[in-house]
Amino acid sequence: MIRTFQTQSIRNINAIMMKAAVIYQAGGPEVLKIEQRPIPTPTPGQVLIQVKAFGLNRSELFTRQGHSPNVKFPRVLGIEATGIVASCPSNEFKKGDMVVTAMGGMGRDFDGGYAEYTCVSAANVQVIKTELSWEVLGAMPEMLQTAWGALFKALRLTVGERLLIRGGTSSIGLAAAAIARNHGGYVTSTSRRADRDAFLKERGAHEVLVDDGDIAGKGGEKWDKVLELIGTSTLRDSLRCVKEGGCVCMAGIVGNKWSFDEFSPMEDIPTAVNLTTYSGGPDEFMVTPLEELARQVKEGKLKIQIGRVFKLDDIVEAHRVMEENSAGGKIVVLT
């Protein structure tokens with residue numbers, strides 16, 4: 001009788017608890033702690049998602065390092081998640097629907113995707129009907145919404161325009177190259193390594209340049225649009241790469257630097273060149289055609305470059321790899 005009671009108690013605990021990676025203080029990768037936490041309970045207007053996979057993002061690295069003062073610890077990080085609907089009190093979605101979510105305060109204002117379950121607003125969830133592996137689906141939400149939004153909302157890329165992607169081997173850079181080429185743009189991607197030429201051309205680039213920090217100094221025809229993914233360390237040079245009337249969009253910080261030490265707009269922004277940014281909030285996420293992009297992935301028209309795949313228990317090592325920039329593509333974590 002006692003043995004039966006204990007077994008039943010364990011089952012009840014397992015039914016209401018989940019595994020999560022929790023951060024209590026800023027620091028290195030080791031500050032991410034795996035522990036058991038109660039499964040959140042959705043209220044009307046929310047969706048409880050059983051997380052199957054999530055991608056890692058550099059904003060989470062900066063939060064972990066203590067560079068997001070508005071994020072209060074303890075916190076379950078993770079600005080995106082992919083999985084299946086476990087519960088939806090208002091019936092916006094059916095139990096078992098395959099869904100993706102990103103942004104909207106995830107991992108910042110409330111606990112995010114680094115867990116077996118996450119609870120989010122139903123207004124910030126998209127259903128994906130195209131069947132793909134969890135690894136691929138887990139790589140998609142934030143990466144594709146950033147690539148698509150930067151190209152079409154911020155840069156307003158049109159057919160035939162010349163696009164320079166600064167930081168072409170990043171996961172967003174690779175996705176943007178394929179999307180832009182499929183759209184009819186002429187794509188030039190950059191890399192610090194000459195041996196990445198074939199790799200980048202296979203993934204959408206028409207042309208590859210070795211980035212020594214002075215692309216503008218190489219001469220030749222300028223670009224209509226520049227997608228700046230390295231950050232402020234190359235932004236001044238990117239501004240000099242654009243034709244009059246063209247635009248530079250800063251949408252990444254692979255170079256790990258948020259701001260300029262000194263910036264003089266009159267000197268640093270050439271006449272008639274436009275500078276914008278893209279960060280992508282809930283509204284931008286919801287207008288990203290993720291189902292259409294998933295179909296393109298399924299049909300082989302859009303390649304998703306996955307660098308490394310980890311289990312949730314290995315989140316510390318996953319963050320180390322992200323910090324070293326050694327993954328060679330999107331890092332995905334499976335629960």
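Two strands are said to pair if DSSP finds at least two bridges between them, and that rule is the starting point for reading this predicted model. Strand S15, which covers residues 306-311, and strand S16, which covers residues 330-334, pair in the parallel sense over five bridges. One place to look is arginine 308, whose bridge partner in S16 is isoleucine 331. Between S15 and S16 the chain passes through helix H11, residues 315-324, and the resulting β-α-β crossover is right-handed.

Before going further, it helps to know how confident the predictor is. The mean pLDDT of the protein is 93, and 94% of its residues reach 70 or more. Over residues 1-13, however, the pLDDT is below 50, and this stretch has zero contacts in the model beyond near neighbours in sequence.

A second pattern of strand pairing is found in an open sheet of three strands, arranged in the order S2-S1-S4, where the pairing is antiparallel. Strand S2 (32-38) and strand S4 (75-76) stand at the edges of this sheet, and because each has a single partner strand, one side of each is left without a neighbour in the sheet. Strand S1, residues 17-23, pairs with S2 in the antiparallel sense over seven bridges, and methionine 18 has arginine 37 as its bridge partner in S2. In a regular strand the side chains alternate between the two faces of the sheet.

The loop between H2 and S4 holds proline 74, and the peptide bond that leads from phenylalanine 73 to proline 74 is cis, with omega near 0°. Helix H2 itself, residues 58-65, contains arginine 64. Is arginine 64 buried or exposed? With a relative accessibility of 0%, arginine 64 counts as buried, since buried means under 20% relative accessible area. Leaving aside residues up to four places away in sequence, arginine 64 touches Ile23, Ala26, Gly27, Gly28, Pro29, Val31, Leu32, Leu77, His319 and Glu323. Proline 40, by contrast, is 24 residues from arginine 64 along the chain, and the C-alpha atoms of these two residues are separated by 22 Å.

Aromatic rings offer another way into the structure, and the count of aromatic pairs comes to two. Phenylalanine 54 and tyrosine 114 form a stacked pair, with 4.8 Å centre to centre and 20° between the planes. Phenylalanine 54 lies in strand S3 (residues 46-55), whereas tyrosine 114 lies in the loop between strand S6 (98-102) and strand S7 (117-121), so the pair ties together parts that are 60 residues apart in sequence. Phenylalanine 54 is buried, with a relative accessible area of 0%, and tyrosine 114 also counts as buried at 0% relative accessibility. A ring takes part in another kind of arrangement at phenylalanine 199, where arginine 196 lies over the face of the ring at 4.3 Å from the ring centre.

Helix H10, residues 290-298, can be read through its buried residues, which are Leu290, Glu291, Leu293, Ala294, Gln296 and Val297. An α-helix has 3.6 residues a turn, so residues three or four places apart point the same way. What covers the buried residues of H10 includes S6, strand S8 (125-127), helix H3 (134-139), H4, helix H5 (171-183) and helix H9 (282-287). Just after H10, glycine 300 takes a positive phi of about 85°.

A positive phi is also found in residues other than glycine. Asparagine 91, which is not a glycine, has a positive phi of about 65°; asparagine 91 sits in the loop between strand S5 (80-87) and S6, and at 64% relative accessibility it counts as exposed. Arginine 156, in the loop between helix H4 (141-154) and strand S9 (162-166), likewise has a positive phi, near 50°, and arginine 156 counts as exposed at 64% relative accessibility.

The last stop is lysine 222, found in the loop between strand S11 (207-210) and strand S12 (223-228). Lysine 222 is partly exposed, with a relative accessible area of 41%. Apart from residues up to four places away in sequence, lysine 222 touches Arg162, Arg240, Cys241, Val242 and Lys243. Of these, arginine 240 is 18 residues from lysine 222 in sequence and 8.5 Å from it in space, C-alpha to C-alpha.

Conventions: Residues numbered from 1 in each chain as written. Predicted model: local features only at pLDDT ≥ 70, side-chain atom pairs only at ≥ 80, totals over all residues. Heavy atoms only, no water. Helix = DSSP H or I, 4+ residues; strand = E, 2+ residues; numbered from the N terminus. Right-handed = clockwise from strand over helix to strand, strands pointing away. Phe/Tyr/Trp six-rings, centres within 6.5 Å; stacked < 30°, edge-to-face > 60°. Buried < 20%, exposed > 50% of the residue type's maximum accessible area, 1.4 Å probe, protein only. Lys NZ or Arg CZ within 6 Å of the ring centre and 35° of its normal. pLDDT = per-residue confidence, 0-100. Contact = heavy atoms within 4.5 Å.
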